[in-house]
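Thanks for asking me to look this one over. My notes follow as numbered points, so you can check each against the coordinates.

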Amino acid sequence: MSLWTQARRAARLNPSIIREILKVTEQPGVLSMAGGLPSPDSFPVDAIRAACDKVLRDVPREALQYAASEGFGPLREWVAQQLARQGMTAGADQVLITTGSQQGLDLVGKVLIDAGAPVAVETPTYLGALQAFNPFEPIYVSLEGDADGPLPAALEVLPHDAPGTRFAYLLPNFQNPTGRIMPRERRAALVRVAQTAAIPIVEDNPYGDLWFDEPPPRPITAAWPEGCVYLGSFSKVLSPGLRLGYLVAPRELYPKLLQAKQASDLHTSGFNQRVVYEVVHDGFLDRHVPTIRARYRAQRDAMAEALRRHMPEGTAWRAPRGGMFFWLQLPPGFDATGLLPRAVEAGVAFVPGAAFYAHAPDPRTLRLSFVTLSTSDIADGVAALGRVLHQELERQAEIAP
Ligand SMILES: Cc1ncc(COP(=O)(O)O)c(C=O)c1O
């Protein structure tokens with residue numbers, strides 16, 4: 001018997017399947033489309049270096065001291081102003097700076113989920129959110145969806161099927177993993193149903209700025225501020241290593257989220273917050289983010305072209321209009337998890353889609369990131385994947401009676 005008796009929730013803390021896969025796939029010689037990392041070429045190293053110097057020169061002791069749990073005041077103001085550009089009305093007092101938006105998910109789980117309480121999620125959904133919520137022992141309700149996001153009708157039945165649903169976790173922009181975006185009408189319909197059914201919404205939006213053709217519609221939270229918690233992040237527009245995100249909460253809920261944060265880490269790095277404020281306060285992102293969009297758009301185009309050339313008939317995908325991912329459904333009979341070792345052997349890696357489902361995974365799905373490989377490596381990687389899939393088709397044909 002072990003000396004250590006672990007809490008029940010410890011059994012629900014599992015290694016991220018993606019991180020486990022990355023260990024296998026990030027070997028030399030493997031073209032990995034498995035990671036969910038932004039391109040390191042997009043990190044504004046010079047601007048961050050200059051901001052670090054300035055903070056250490058001008059306010060070194062303040063920056064290196066403990067700081068307020070709510071976050072650095074000017075940064076909170078800046079976030080509120082940015083969100084106002086998207087039609088959100090929150091005041092700076094409703095902004096909580098978090099240690100990545102991943103911490104926002106943890107805080108939301110801590111404050112809103114009791115063991116056995118229903119939580120509605122998209123099908124599929126962000127794996128990291130399932131990981132964040134799991135220790136609080138929710139019962140997931142998987143919302144049926146289509147190319148435009150979850151179906152409003154799926155939310156409508158929840159008061160009967162899953163009474164007391166604590167919230168619906170929604171990713172309207174270039175969703176991880178599917179890359180899909182919810183059109184304006186879908187957002188409006190979901191809000192209408194959520195209001196009627198009294199189901200709050202947690203809106204997670206780390207990819208909204210990474211659009212290729214046109215900016216996404218207004219956030220869901222803009223239409224129902226008192227019923228939504230909004231999560232944002234600096235990871236995809238500046239750098240994930242800074243671990244900086246934010247949440248915006250209704251005034252009714254904010255104090256509890258703040259207390260949960262205090263208990264968890266006292267505050268997010270004050271130094272990093274000042275550095276980021278220094279970088280962004282004069283409109284830097286309005287100049288910088290278009291360069292990321294242009295880079296990712298070219299990579300998206302390269303992957304779209306390579307998929308058209310190399311995927312076997314019966315493979316389905318849609319070119320994403322922003323974000324970082326393609327989502328593929330392989331022809332009937334395929335199992336993406338089973339194929340991964342063979343793909344890695346052939347020098348290419350992806351994430352099997354099964355990990356992104358709260359229930360009933362579709363084994364034919366997989367996620368490809370297009371942002372960390374060059375356009376020529378994307379072409380080579382997709383070609384290699386195509387060869388593996390064609391070999392599998394031949395194998396299936398041989399064993400068919
Ligand atoms: C949908 C979604 N939410 C949240 C996060 C967490 O981001 P961070 O904690 O870096 O802000 C990610 C990271 O990939 C994500 O894809």
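1. A word on naming before anything else: helices (H or I, at least four residues) and strands (E, at least two) are DSSP runs, numbered from the N terminus. With that in hand, F174 can be placed in the loop between β7 and α9. Please keep in mind that this is a predicted model.

2. F174 deserves a look for its backbone. Its phi is near 50 degrees, a positive value in a residue other than glycine. Most residues other than glycine have a negative phi, and most peptide bonds are trans.

3. The loop between β7 (168–170) and α9 (184–197) also holds P177. The peptide bond that joins N176 to P177 is cis, and its omega is about 20 degrees.

4. Where does P124 lie? It is found in the loop between β3 (118–122) and α6 (127–133). Here too you will find a cis peptide bond, running from T123 to P124, with omega near -5 degrees.

5. Now for the ligand. It is surrounded by 13 residues, and the closest are S101, D204, Y207, S233 and S235. Sorted by character, this shell has 4 nonpolar, 6 polar and 3 charged residues. Helix α5 (residues 100–112) supplies the largest share of the shell, 3 residues.

6. Which side chains make polar contacts with the ligand? For D204, an N or O atom of the side chain is 2.6 Å from a nitrogen atom of the ligand. For Y207, a side-chain N or O atom is 2.6 Å from a ligand oxygen atom. In the case of S235, an N or O atom of the side chain likewise sits 2.6 Å from an oxygen atom of the ligand. As for burial, the ligand has 400 Å² of accessible area on its own, and the protein covers 92% of that.

7. Turning to helix packing, let us begin with α4 (residues 73–84) and α12 (residues 270–280). Their axes come within 9 Å and cross at roughly 45 degrees. Angles of 35 to 65 degrees fall outside the parallel and perpendicular ranges, so α4 is oblique to α12. The crossing of α4 with α12 is left-handed.

8. Helix α12 also packs against α2 (residues 45–58), at an angle of about 120 degrees and with the axes 8 Å apart. That angle makes α2 oblique to α12. What is the handedness of the crossing of α2 and α12? It is right-handed.

Key. Residues numbered from 1 in each chain as written. Predicted model: local features only at pLDDT ≥ 70, side-chain atom pairs only at ≥ 80, totals over all residues. Heavy atoms only, no water. Near = heavy atom within 4 Å. Polar contact = N/O pair within 3.5 Å; in protein donor to acceptor, adjacent residues only side chain to side chain. Areas by Shrake-Rupley, 256 points an atom, 1.4 Å probe, with all protein chains shown as cover. Nonpolar A, V, L, I, M, F, W, Y, C, P; charged D, E, K, R; others polar. Axes fitted to C-alpha atoms, helices over the stretch in contact; angles between N-to-C directions. Parallel < 35°, antiparallel > 145°, perpendicular 65-115°, else oblique. Left-handed = near helix turned anticlockwise from the far one by under 90°.
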